[in-house]
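Keep your viewer open and a selection box at hand. This is a guided tour, one stop at a time, with something to pick out at each.

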Amino acid sequence: MRKDFDVIVIGAGSGGLTASIGLAKAGKKVALIERDKIGGDCTNTGCVPSKALIHQSKLVECGKRSPNEALAQMQKTLKSFQNEETPEYIESFGITFIKGSAKFIDKCTLQVANTNYSAKKIIVSTGSHPRVIDIPGSSHANLHTSDTIFQLTSVPKNLLVIGSGPIGLELGQAFARLGSKVAIASIDSTLGKLEEPEVAKYLERQFKHDNITFMPNTVVKELTKDSATLLTTDNSEEKITTIKQDTVLLSIGRVPNLDLNLDNAKIKYTDKGIIVDSKYRTSQKHIYAIGDVSDKFKFTHVADDAARSVIKQILIPFGNFTKARVIPKVTYTQPELAQVGLSYKEAVSRYSEQSILKIVVPFNPMVDRAKIDNSEGILIIIIKRLTGKIVGARIAHANAGEMIPFFTLAIKSKITMWKLNNTIFPYPTYSLAIKKASDIFLTETLQNYKKDILNLFKKHATKIFALIFWSMLIYAFNRYKILHGLDSKTLSIMIAQFITGTFWGPVIYMVFYIFRPLILFPAVLLTTLSGVMFGFWGGFLFTFIGENISASFVYLIGRFFGKGIRFEDTILGSAIVKIKSDPFISILLARFLFFPFDLTNLACGAIKARWRSYALATAIGIIPGMSTFIALGASLENVQEFDLSMLRLNTNTLILSGLLFILSLLLAKVLRRYNTI
């Protein structure tokens with residue numbers, strides 16, 4: 001039995017629900033396949049129960065709940081979400097809900113139980129599961145992952161958390177506030193290793209207050225029913241300790257759910273997930289992968305965003321909905337840790353230390369609302385000097401998750417610190433920390449603008465001098481043309497006569513072609529002239545050499561002037577990401593579609609496209625257009641005059657030009673298939 005759909009979505013988690021409901025509302029015939037619980041990891045074993053537990057732990061801390069009541073209330077909250085996400089709810093949108101495990105039969109067909117289902121488009125959103133490692137004695141221990149820890153009905157007396165990622169930190173602190181004695185063993189050397197040092201200190205301080213023991217550089221060697229043997233490495237010295245535990249939470253990352261027989265559909269993947277492009281397309285362009293199962297960012301909000309992007313692509317195939325995303329992240333400890341954009345270290349690596357300003361604003365005592373509430377926290381903003389462009393932000397505060405969207409918008413919309421300084425913030429609010437940061441930026445900039453301008457000049461001095469030199473050269477060349485009353489047509493005739501009148505003509509022609517971009521001489525005109533001067537085959541050989549060297553020359557100029565510029569952050573961001581991810585095909589297509597030759601070369605150099613792929617795509621891609629114009633030139637009878645009445649179309653050269661075009665297409669396909677680039 002076979003059923004056909006417009007779209008099949010595999011996985012009813014955050015991304016899958018958004019995609020299936022959105023497409024169904026747009027009139028598509030949609031099937032949604034789910035083998036386990038609707039809502040996926042987020043609803044059942046992730047975001048919902050963990051945040052419910054965190055909320056309940058706060059109530060326990062202030063005496064409004066007993067620990068076991070908190071666990072029961074967390075289960076009640078979870079159940080309420082699960083009751084809202086049912087097959088009936090999904091089918092109310094006109095979606096066909098299918099219960100079971102999906103396997104690919106081929107690139108368009110899936111099998112669930114004994115039934116095959118086919119679709120024009122398929123979206124894989126199967127999520128991930130906790131990573132598990134084999135620890136000696138684990139079978140005797142009360143070992144849990146995030147999939148099972150929320151099933152506890154009583155609070156552990158001694159909880160060992162293995163791993164210090166967001167899940168381990170959040171649940172470790174929550175159980176500590178419920179009354180557990182918590183120890184966190186981590187292979188990392190610091191707590192909150194991905195945070196700014198100033199931010200991590202607030203978390204360390206709070207964990208000490210909560211009596212949480214953090215053991216860095218530590219691995220668990222053995223587990224028993226009530227203890228754990230740990231190996232800690234400190235300055236090459238190893239130390240073995242034993243601690244009590246009655247419950248263990250293994251929280252060392254997640255693994256994508258790839259058990260779909262992906263090879264049957266020829267979908268490429270790694271152990272990190274299904275490989276997708278900037279449009280979330282797999283190696284089969286009609287099959288998409290979103291959420292944890294892909295090799296992109298693995299957050300619930302990213303899965304939802306990816307689903308919305310895929311919906312638009314399916315409904316409007318020729319639209320471009322893949323602009324570079326600015327992705328925030330929040331760890332829901334107390335204080336919350338929120339971040340977006342670059343860290344200070346990353347910004348310095350990308351832009352240089354002299355270009356970056358790091359502004360630190362402690363909420364207490366700098367923000368009046370924090371002083372009133374006796375609330376601790378810190379705001380860090382990473383900014384480009386002079387321009388005030390925000391490239392990153394880090395916050396440690398009880399309301400950090402609610403504040404970070406502001407900086408996400410600021411980075412995405414290029415809202416500078418100059419604009420923020422002219423913005424009125426209500427008093428007294430925590431957002432006044434942003435106003436304080438803008439005041440610090442303004443003071444710092446006004447005090448150091450001379451030094452900042454000098455550093456900027458030093459950084460770009462070679463580019464500035466090179467730009468002035470070539471500008472003067474171009475001006476002199478064009479001034480010469482004007483003073484002698486020359487136009488491009490007359491100049492072309494003079495060049496052709498000069499080259500054909502000397503033994504070194506081909507060499508002179510190729511050298512002139514190489515440096516042609518510097519004097520803005522039209523490439524099409526010079527290519528046509530080669531056919532006039534040397535005939536088809538001579539023109540083809542000399543132009544092929546000159547044009548390829550010229551392309552690489554301009555490519556190097558682009559790399560020189562493009563250094564330090566982040567083109568991915570511009571409106572061309574998605575196109576640039578595509579070119580950098582698959583430069584050969586992208587550049588080949590640009591050549592075949594006759595994109596401006598020198599502009600393409602300059603752009604490829606500026607974005608640092610792989611030179612080997614760029615050069616090979618250029619060598620193949622210029623053949624059709626080059627041979628056509630050479631054939632045109634070879635058809636002209638007289639170099640003294642350019643008149644359309646003198647044009648004689650040579651059928652043989654035009655046929656040869658067409659054959660070269662077909663040959664270049666075949667060569668490109670072969671090279672692409674065998675991954676020779």
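Start with the whole chain in view. Among its contacts with a separation of 6 or more, 66% join residues 24 or more positions apart. Bear in mind as you look around that this is a predicted model. The chain has 677 residues, and 47% of them are buried. In cartoon view, its secondary structure comes to 23 helices and 24 strands.

**Stop 1: a pair of helices**

Select residues 47–61, which are α3, and then residues 67–84, which are helix α4. The two axes come within 9 Å of each other and cross at roughly 145°. The crossing of α3 past α4 is right-handed.

Now show side chains at the contact. On the α3 side, pick V48, P49, A52, L53, Q56 and V60. On the α4 side, pick P67, A70, L71, Q73, M74, T77, L78 and F81. What classes of residue make up the contact of α3 with α4? Colour by class and you will find 11 nonpolar and three polar residues, with no charged ones.

**Stop 2: the cavity**

Stay with α3 and add α6, residues 166–178. Both of these helices give two or more residues to the lining of the largest cavity. The cavity count for this model, taking those of 30 Å³ or more, is one. The largest cavity holds about 40 Å³ of space.

To see its walls, select I54, S57, K58, E170, Q173, A174, R177, Y332, T333 and Q334. Which element gives the most to this lining? The answer is α6, with four residues. By class, the lining has three nonpolar, four polar and three charged residues.

**Stop 3: two cis peptide bonds**

Keep Q334 from the cavity lining selected and add P335. The peptide bond from Q334 to P335 is cis, with omega near 5°. P335 sits in the loop between β20 (329–331) and β21 (336–341).

For another example, move to Y427 and P428. They are joined by a cis peptide bond whose omega is about -10°. P428 belongs to the loop between α13 (417–421) and α14 (432–459). As background, most peptide bonds are trans.

From P428, add D368 and draw a distance between the two C-alpha atoms. These residues are 60 positions apart in sequence, yet their C-alpha atoms are 6.4 Å apart in space. D368 lies in helix α11, residues 368–373. Is D368 buried or partly exposed? It counts as partly exposed, because its relative accessibility is 32%.

**Stop 4: two positive phi angles**

Before the last selections, a reminder about backbone angles: most residues other than glycine have a negative phi.

Select A113, in the loop between β5 (109–112) and β6 (115–124). A113 is not a glycine, but its phi is positive, at about 60°. Show the surface here too: A113 counts as exposed because its relative accessibility is 63%, and the cut-off for exposed is over 50%.

Finish at K608, in the loop between α21 (597–606) and α22 (611–634). K608 is not a glycine either, and has a positive phi of about 60°. How exposed is K608? With a relative accessible area of 35%, K608 is partly exposed.

Technical notes
Residues are numbered from 1 along each chain as its sequence is written. This is a predicted model: local features need pLDDT of at least 70, side-chain atom pairs count only at pLDDT 80 or more; totals for chains, interfaces and linings use all residues. Side-chain values use heavy atoms; hydrogens and water are left out. On a 1 Å grid over the protein atoms alone, a cavity is a set of points where a 1.4 Å probe fits but cannot get out, and a pocket is an open set with protein on both sides within 12 Å along at least five of seven lines; lining residues have an atom within 4 Å of a point. Grid points are joined across faces, edges and corners, and a volume is the space filled by probe spheres set on the points. Ala, Val, Leu, Ile, Met, Phe, Trp, Tyr, Cys and Pro count as nonpolar, Asp, Glu, Lys and Arg as charged, and the others, Gly among them, as polar. Axes are lines fitted to C-alpha atoms, for helices over the stretch in contact, and angles run from 0 to 180 degrees between N-to-C directions. A crossing is left-handed if the near helix is turned anticlockwise from the far one by less than a right angle, and right-handed if clockwise. Contact means heavy atoms within 4.5 Å. Buried means under 20% relative accessible area, exposed over 50%, partly exposed in between (1.4 Å probe, protein chains only).
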